[in-house]
Amino acid sequence: MYTKISAKDKEVCLIDKDYPNQAVNTPIYQNSIFHFNTVDDYLLYKNREIKAFCYTRGNNPTTEVLEDKLAKLDGGESCRVFSSGMGAITATLFALLTSGDHVLVINDIYGPTREYLSVLSKFGIGFDVISATDTKNLEFFIKENTRVIYTESPGTMTFDVVDLRLIASIAKTRGVYTVIDNTCMTPLLQKPLLLGFDIAVYSLSKYTGGHSDVLAGAVVGSREILAKIDKEGYKLGGSVISPNDAFLLLRGLRTLPSRLETLTLITSEVVTYLQKNEKVKNILHPLAYNDTDLELYQAQTTGITSLLSLQLVTTDTKKIKMFIDSLKTFSIAVSWGGYENLVMVQDVLEFTKAHSDKIIIRLALGLFDASTIIADLEQAFNQIEGK
Ligand SMILES: *Cc1c(COP(=O)(O)O)cnc(C)c1O
């Protein structure tokens, strides 16, 4: 399975408009304010009769170029870019939900998003989480007061796939908004709006930034939904991206297609190596799916990501730690999507035990040669003998 990114998407990532002075890069409008020539101009702007820039906690020319590109890549009408992925996610949920509403979460989602949903209980907003396999009985889990279905596919850490077309079509008949965190696929590998989803949310801090040097998030959807998120979540919520960071993301976008294509080749080689390794019990990644999941995955995506999880055969937590600590080209760090190899675990309590079969090790592969990554994994596996 190879990553296919369309020529059209590559153009959107690469080509910019004609800028003043024949600049080839988007100018960074490092301004909080923009001025008006007359009171009448200001009044026309306020009455939406002319388009103008006023204040960066609203609109900024550099940010707008990024938003236009992201909307296009997703096939959406409108996009807003935030100062972090969580800024984008919380603004979206805040704008869509009212006290008394219910959120149905499908699949393993990003931990802090789940925490935020718990915080919303103080406004009487409840949520339930169902697994990818429960999607078959989705009708049953949608309540009278369910306002939002929120999912991630493949899911964080476990990488289970869910049927996005099915979820979108059932949600439509029940008048429920559908939101997907599409961070790990980017709009280049999966376009949820074209599969029927209302809203795609992103952390741009990962693949889009691509160099572990910027925090940002985005929301893409219809003009109507984005108008609400823009007002309640963006302008009033205030987690606005700086123009300088918007520039870094425009630069990241230029190489995003090439990086994803290269990472596909690296990931395929590494997964093939891991599948043959007898110290590995389980690989969680689309390339290791069963046939049914693979068919579903291929029907809604055009490629794979370089994130994967592993379970080792050994359950000895000391040996699991030894394996991770022995990795030389992998840094132990949260986040992913940069140039580097990263490794992370999330099962903190499991490490307090002498043995655990629940520990999942997540690898984020970077842009090293596959042979370097494989040699590193091999020497780390050699540090742990037997069970
Ligand atoms: C990192 C991440 C987020 C949060 O994004 P920030 O930019 O760190 O706020 C949300 N969802 C997923 C899947 C992520 O990996």
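1. Let's start at Lys-353, which sits in the loop that runs between β11 (341-345) and β12 (361-364). Keep in mind as you read that this is a predicted model. Lys-353 comes out as partly exposed, because its relative accessible area is 39%, and the partly exposed class covers what lies between the 20% and 50% cut-offs.

2. Who does Lys-353 pair with? Its side chain and that of Glu-350 are joined by a polar contact of 3.1 Å. Looking further along the chain, Asp-316 is 37 residues away from Lys-353 in sequence, and the C-alpha atoms of the two are separated by 8.7 Å.

3. Next, have a look at Asn-60. You'll find Asn-60 in the loop between α2 (39-46) and α3 (61-74). Is Asn-60 buried or exposed? Asn-60 is buried, since its relative accessible area is just 3% and anything under 20% goes into that class.

4. The polar side chain of Asn-60 has partners. Asn-60 reaches with its side chain to the backbone oxygen of Tyr-29, at 3.0 Å. There is also a side-chain-to-side-chain polar contact between Asn-60 and Thr-56, at 3.1 Å.

5. Which residues does Asn-60 touch, if you leave out those up to four places away in sequence? The list is Tyr-29, Asn-31, Phe-34, Phe-53 and Pro-243. Tyr-29 therefore turns up twice in this note: as one of the residues touched by Asn-60, and as the owner of the backbone oxygen that the Asn-60 side chain reaches.

6. Now for the outside. Val-39 belongs to helix α2 and counts as exposed, because its relative accessibility is 62% and the cut-off for exposed is over 50%. Together with Tyr-42 and Leu-43, Val-39 makes a nonpolar surface patch of about 280 Å².

7. Stepping back to the whole protein chain, there are 13 helices and twelve strands. The radius of gyration is 22 Å, close to the 21 Å that the globule rule gives for 387 residues, so the chain is as compact as a globular protein of that length. Along the principal axes, the C-alpha atoms fill a box of roughly 80 × 55 × 35 Å.

8. A few totals to finish. Of the 387 residues in the protein chain, 53% count as buried. Among contacts with a separation of 6 or more, 73% come from residues 24 or more positions apart. The accessible surface of the chain is about 17,800 Å², and carbon and sulfur atoms account for 53% of that area.

Technical notes. Residues are numbered from 1 along each chain as its sequence is written. This is a predicted model: local features need pLDDT of at least 70, side-chain atom pairs count only at pLDDT 80 or more; totals for chains, interfaces and linings use all residues. Side-chain values use heavy atoms; hydrogens and water are left out. Helices (H or I, at least four residues) and strands (E, at least two) are DSSP runs, numbered from the N terminus. Buried means under 20% relative accessible area, exposed over 50%, partly exposed in between (1.4 Å probe, protein chains only). A polar contact is a pair of N or O atoms within 3.5 Å; within protein, one must be able to donate a hydrogen and the other to accept it, and residues adjacent in sequence count only if both atoms are side-chain atoms. Contact means heavy atoms within 4.5 Å. Patches are made of residues with over 30% relative accessible area and no salt bridge: like charges are joined within 9 Å, nonpolar side chains (Val, Leu, Ile, Met, Phe, Trp, Tyr) within 5 Å. Accessible areas come from the Shrake-Rupley method with a 1.4 Å probe; for residues, only the protein chains shown count as cover. A salt bridge is a side-chain nitrogen of Lys or Arg within 4 Å of a carboxyl oxygen of Asp or Glu. The radius of gyration is taken over C-alpha atoms; the globule rule is 2.2 Å times the number of residues to the power 0.38.
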